[in-house]
Amino acid sequence: ALEYVPKNRADYGEIARISVAKNGKVLKYVPIDRPDYGEIARIAVAKNGRLLQEVPDDCDDYSELAKIAVTQDGWALRFVPTDLADYGELARIAVAKNGWALETVPEDRLDYGELARIAVVKNKWVLEIVPNDHPYFGALARIAVAKNGWALQHVPRVRPDYGEIARIAVA
């Protein structure tokens, strides 16, 4: 119903906060040029991090909203521009919350190995999405198979360190 509330009402902000608290998806009806937009968006992304997709990345407090969103749901990282100044920090929070968020991290980032380690420690099965030729793959595979030997299925048998990793998996 928020889309039908006149935007020029003196109590629009209050109505919008109530509406967004009930259903965050109505954030898309809140004008982004409102002085209280960030406050209203904060309510939405704190409840459902994936609603970050409704927040324009040129919003004044975008980084703060993105941090709230990825803390609530690591998958919200997919909506964060990779060129954002604090992307690395947001990615660390996201993959620590949900290791599968690594899927959205560009593999050519200098901190990819560190982010992959955090993700694999969180969830051993994330090894499946780490490129086999990544310099840290062997170390990540050791972590994953030490947590659960079944993760060995994601280690190519042609790797020179396969035997060592397999021994960890079966130990």
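Which side chain meets Arg142 in a salt bridge? Keep that in mind for View 1; the model throughout is a predicted one.

**View 1. Arg142 and Glu164 pair up in a salt bridge.** The partner is Glu164, and the N to O distance between the two side chains is 2.9 Å. Arg142 sits in helix α6 and Glu164 in helix α7, so this pair ties together parts that are 22 residues apart in sequence. How open to the outside are they? Arg142 is partly exposed, with a relative accessible area of 24%. Glu164 is also partly exposed, with a value of 37%.

**View 2. Glu39 reaches Arg17 across two helices.** The two side chains meet in a salt bridge, at 3.5 Å from N to O. Glu39 belongs to helix α2 and Arg17 to helix α1, so the bridge links parts that lie 22 residues apart in sequence. Glu39 has a relative accessibility of 40%, so it counts as partly exposed. Arg17 has 25%, so it counts as partly exposed too. Now widen the view a little: Arg17, Arg34, Asp36 and Glu39 are linked in a network of salt bridges.

**View 3. Asp111 and Arg109 form a salt bridge.** Here the closest N and O atoms are 2.8 Å apart. Is Asp111 buried or exposed? With a relative accessibility of 13%, Asp111 counts as buried, because the cut-off for buried is under 20%. Arg109, at 22%, counts as partly exposed. If you feel like hunting for others, the count for this model comes to 14 salt bridges.

**View 4. Asp57, Asp58, Asp60 and Asp83 make a negative surface patch.** Pick out Asp58 as your landmark in this view. Where does Asp58 sit? Look in the loop between α2 (37-47) and α3 (62-72). Asp58 is exposed, with a relative accessible area of 63%, and that fits because exposed means over 50%.

**View 5. The largest nonpolar core has 55 residues.** Which residues have the most contacts inside this core? They are Val30, Leu52, Val55, Leu77, Val80 and Leu102. Several helices chip in: α1 (12-22), α2, α3, α4 (87-97), α5 (112-122), α6 (137-147) and α7 (162-170) each supply at least two residues of the core. The largest share, six residues, comes from α5.

**View 6. Gly113 is a buried residue in helix α5.** Its relative accessibility is 7%, so Gly113 counts as buried. Try tracing from Gly113 to Ile15. The two are 98 residues apart along the chain, and their C-alpha atoms are separated by 45 Å.

**View 7. Val5 is found in the segment before α1.** Val5 has a relative accessibility of 16%, so it counts as buried. Ile15 turns up again here as the partner for a distance check. How far apart in space are Val5 and Ile15? From C-alpha to C-alpha they are 8.4 Å apart, with their positions 10 residues apart in sequence.

Note on methods:
Residues are numbered from 1 along each chain as its sequence is written. This is a predicted model: local features need pLDDT of at least 70, side-chain atom pairs count only at pLDDT 80 or more; totals for chains, interfaces and linings use all residues. Side-chain values use heavy atoms; hydrogens and water are left out. Patches are made of residues with over 30% relative accessible area and no salt bridge: like charges are joined within 9 Å, nonpolar side chains (Val, Leu, Ile, Met, Phe, Trp, Tyr) within 5 Å. Accessible areas come from the Shrake-Rupley method with a 1.4 Å probe; for residues, only the protein chains shown count as cover. A salt bridge is a side-chain nitrogen of Lys or Arg within 4 Å of a carboxyl oxygen of Asp or Glu. Lys and Arg count as positive and Asp and Glu as negative; His and the chain ends are not counted. The place of a charge is taken as NZ of Lys, CZ of Arg, CG of Asp or CD of Glu. Helices (H or I, at least four residues) and strands (E, at least two) are DSSP runs, numbered from the N terminus. Buried means under 20% relative accessible area, exposed over 50%, partly exposed in between (1.4 Å probe, protein chains only). A nonpolar core is a set of buried Ala, Val, Leu, Ile, Met, Phe, Trp, Tyr and Cys residues joined through side-chain atoms within 4.5 Å.
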